[in-house]
Structure formats: C-alpha cells, structure tokens
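Take a look at the sequence and the structure below. This report covers its salt bridges, its ligand site and its backbone.

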Amino acid sequence: MKVYEFDSLPSTNDFADSLPSGSEDIYIIAKRQTDGHGTKGRSFLSAEGGLYLTKLSFPENLPASAAFLIMASTAMAVVKTLEEFSLAPKIKWPNDILVNGKKICGILIKNTLSGEKVSRSMVGIGLNIFNEFPEELSSIAINMAEAGGKNLSFSAVKNALVSALQKEYSLEEYERYLCVLGKKVFLLEGEEKKEVFAQSLTEDGRLKVNENGEVRLVSAGEVSLRLLKEVPDEGKEIL
Ligand code: BTN
C-alpha cells in the first residue's frame, strides 16, 4: 500500500480523484482540509484536531450489487477504531457513526463501475478527535476527546484506523451496530418527511421499512434518515 500524509489539503478526496488507478491501496491523510466535501454536496468542516482520510482501492472482482459491503466495512473499521479508544459507537444507517447519540464521524463513498463491477472505490472519512465545532453543531456533533476516549493522539487514532481499514467486516457485524432497527425514524425524501418503522436490513444494504402498514425497501442514496429522540420527547427529531 501507499500512504500520502499532509498537514493540510483542500480535500483528501480531491487529491485521490487526481490519482490514476493502479493495483495497490492508497491512503491519503490530512490533519485539516480547507475544502472538505460532505454528503449531498454539502461542505464538511475539517478543522485541525480531526483526522481526514481517503482510502483509494481497486477491487478486482466486486459486483456492483455488493457495493454496500464497502460502506458496511468502512463503517465497521471506524467502529472498531473507536472501540480501541474505549468508546461505544453506533451506526446510523447507512454510515454515520455516533457516540452518545451525536455524530463523531462522517463517511463519503464514491465508487466507479466498469460494466457490472466496482473497479475503483474512494472512501473518505472525517473523524473528530479533538476538533471543536461551532456552537450550533454542539448538540449533534461530538469528538473523541469529549466523548471520553482514552489515550488519544492523532497518530494513535490514524494508525488504528489505517489498520482497521485493511480488514474486512461482514454485513452481520455491521447490522449488530445499527441503532435504527426496531425503531421509528424519519425518512426525508426530497421535500417530504415521513415517519416509518425500520424493520430490518436486506443483503444489499437496503432498509426494510413499514410506513403505515405498507412495507417497502429504501436505498441509502434515495433518502436521508433522521432519528427520533426517545422518551420523554418522543417524536422530536435529533439527528
Ligand atoms: C458526511 O457528510 O458526513 C461525510 C463527510 C466525509 C468527509 C471526509 S473527510 C475526508 C474526505 N475528504 C473530503 O473532502 N471528504 C471526506
């Protein structure tokens, strides 16, 4: 594998985008980003104190239908990393990582297909270690230090994450950490917000939900999911 490390980059994803395809995995790591990208075209705050990493890989035989495994495996690598620092993470489907109900890590994946196979996969991870957020985000975002992580340092977290990203994790393991199954959640579909019951996960990573008695499958790219706060404020949107 090849590792590029920077103090600062506009975006580790953009740097990865500029690299040609090859065979070995490539890791691009930065201590801060000046133009970080989040999901749904949003920007991603990337202050010093966080870990910003992109893993570029070139799968040889991964059917497009199994692409969700990349998402599940990445989320699990972050989960295992957080556990190494004594934290107890949960996964908000499909790939937000939460600690104490607040977001500690965001993941952005871009896969390139050749025919029916994934030929190039770019996995971007923004993990909050010590970085601070603006006041308005303090109720929904948290960093590892604030969450009570033990023995934290940038390099210890970086090494743990790079090593976890070299392992493979199953969909069953991923499912065990999901915090949405068996719960009422909101689905945002365009302008519409619907309350549904999240029943289970399908083998290809879709969520089976029950909306007023009607069961349907939703894909990660189609909707945004919001959790509901449980008692005493049931029904209140929290994340
Ligand atoms: C999200 O919106 O939750 C996903 C955020 C993904 C951010 C990471 S940080 C490293 C990589 N480089 C980027 O510009 N974005 C991803």
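The structure holds twelve salt bridges. One of them pairs Lys31 with Asp7. Their closest N and O atoms are 4.0 Å apart. This pair links distant parts of the chain. Lys31 sits in strand S2, which covers residues 26-33. Asp7 belongs to strand S1, residues 2-9. The two partners are 24 residues apart.

How far can these details be trusted? This is a predicted model. The average pLDDT of the protein is 93. A score of at least 70 is reached by 95% of the residues. Residues 231-235 are another matter: pLDDT stays under 50 there. For that stretch, the model has five contacts beyond four places in sequence.

Now to the ligand. How many residues surround the ligand? There are 19. The closest are Ser11, Gln33, His37, Thr39 and Lys103. By type, the residues of the shell divide into six nonpolar, twelve polar and one charged.

Three side chains place polar atoms at short range from the ligand, as the table lists.

| Residue | Ligand atom | Distance to a polar side-chain atom |
|---|---|---|
| Lys103 | oxygen | 2.6 Å |
| Gln33 | nitrogen | 3.0 Å |
| Asn13 | nitrogen | 3.5 Å |

How much of the ligand does the protein cover? On its own, the ligand has 420 Å² of accessible area. The protein covers 98% of that area.

Which elements give two or more residues to the shell around the ligand? They are helix H1 (12-17), strand S3 (50-57), strand S7 (102-114) and strand S8 (117-128). Strand S7 gives the largest share, with four residues.

Two spots in the backbone also deserve a look. First, find Trp93 and Pro94. A cis peptide bond joins these two residues. Its omega angle is about 0°. Pro94 lies in the loop between strand S5 (90-92) and strand S6 (96-99).

Next, move along to Asn100. What is the sign of phi at Asn100, positive or negative? Phi is positive, at about 50°, although Asn100 is not a glycine. Asn100 is found in the loop between S6 and S7. Strand S7, on one side of that loop, is also the element that gives four residues to the ligand shell.

Key. Residues numbered from 1 in each chain as written. Predicted model: local features only at pLDDT ≥ 70, side-chain atom pairs only at ≥ 80, totals over all residues. Heavy atoms only, no water. Near = heavy atom within 4 Å. Polar contact = N/O pair within 3.5 Å; in protein donor to acceptor, adjacent residues only side chain to side chain. Areas by Shrake-Rupley, 256 points an atom, 1.4 Å probe, with all protein chains shown as cover. Nonpolar A, V, L, I, M, F, W, Y, C, P; charged D, E, K, R; others polar. pLDDT = per-residue confidence, 0-100. Contact = heavy atoms within 4.5 Å. Salt bridge = Lys/Arg side-chain N within 4 Å of Asp/Glu carboxyl O.
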